[in-house]
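Welcome! Here are a few exercises to work through with the structure in view. Try each task yourself before reading its solution.

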Amino acid sequence: MDLSPTTVLSEGTKNILTAMKEFGISRVSACLSGFLFFEADKLPERFHDITDDHRRMLDALKGSDSQWVAVCPPHIADDPPTGRYEVAVEKGIGRRVSKEDLADFLIKCLLNDDYLHKAVGIGYKN
């Protein structure tokens, strides 16, 4: 995986937000990174650059007029779904989440207002 400095994620987010405005779409749930909940000095060095771009993604969401939810998972695993994930505002939960449980929550965020304009951790309690 290429973890070198990039703006691909944040620029892509800006493009999505621009298109949403153009086409009258108001709500988005975005997958960022659970590393956003880490203090910078606790973050493994190899993840600094990619986490910087995730921060720019979050800044783009916060600066938009859209109704957004920033979902910040830990490791996204190729495990079967459990349906028993937990969520928390502004903090991470656990060390992994299945891709299907993550997808389930991303869709639920489009359908309710519980986490509008918040960064949310998702995962399984250890």
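A residue is called buried when its relative accessible area is under 20%, and exposed when that value is over 50%. Keep in mind that this is a predicted model.

**Exercise 1.** Find out how many residues of strand 2 (residues 67–72) are buried, and describe the neighbours of this strand.

*Solution.*
Step 1: Go through the strand with the cut-off above. Five of the six residues of strand 2 are buried, so the rest of the structure largely encloses it.
Step 2: Look at the pairing with strand 1. These two strands run parallel and are joined by five bridges; for instance, Ser29 has Val69 in strand 2 as its bridge partner.
Step 3: Turn to strand 6 (residues 118–123). It runs parallel to strand 2 as well, with four bridges between them, and here Ala70 is partnered with Ala119.
Step 4: Add the connection. Strand 1, helix 2 and strand 2 form a β-α-β unit that is right-handed.

**Exercise 2.** Check the span of helix 1 (residues 8–22), then work out where its buried residues lie.

*Solution.*
Step 1: Helix 1 has 15 residues, which at 1.5 Å a residue should span 21 Å; the C-alpha atoms at its ends are 21 Å apart, so the two agree.
Step 2: List the buried residues: Ser10, Thr13, Leu17 and Met20.
Step 3: Look down the helix axis. The buried residues fall within an arc of 80 degrees, so they line one face of the helix.
Step 4: Check the other side, where Val8, Asn15, Thr18 and Glu22 are exposed.
Step 5: Ask what does the covering. Strand 1 (27–31) and helix 2 (48–62) are included in what covers the buried residues.
Step 6: Zoom in on one example. Thr13 has a relative accessible area of 8%, so it counts as buried. Leaving aside residues up to four places away in sequence, Thr13 touches Met57, Ala60 and Leu61.
Step 7: Move past the end of the helix. Just after helix 1, Gly24 takes a positive phi of about 70 degrees.

**Exercise 3.** Why does Cys31 form no bond with the closest cysteine sulfur?

*Solution.*
Step 1: Recall that a disulfide is a covalent bond between the sulfur atoms of two cysteines. The cut-off here is 2.5 Å between the sulfurs.
Step 2: Compare the distance. The closest cysteine sulfur to that of Cys31 belongs to Cys72 and is 7.9 Å away, which is too far for a bond.
Step 3: Try Cys109. Its nearest cysteine sulfur, also in Cys72, is 11 Å away, and Cys109 is in no disulfide.
Step 4: Conclude with the whole structure, where a search finds zero disulfides.

Note on methods:
Residues are numbered from 1 along each chain as its sequence is written. This is a predicted model: local features need pLDDT of at least 70, side-chain atom pairs count only at pLDDT 80 or more; totals for chains, interfaces and linings use all residues. Side-chain values use heavy atoms; hydrogens and water are left out. The expected span of a helix is 1.5 Å times one less than its number of residues. Buried means under 20% relative accessible area, exposed over 50%, partly exposed in between (1.4 Å probe, protein chains only). The arc is that of the directions from the helix axis to the C-beta atoms. Contact means heavy atoms within 4.5 Å. Two strands pair if DSSP finds at least two bridges between them. A crossover is right-handed if, with the strands pointing away from the viewer, the path from the first strand over the helix to the second runs clockwise.
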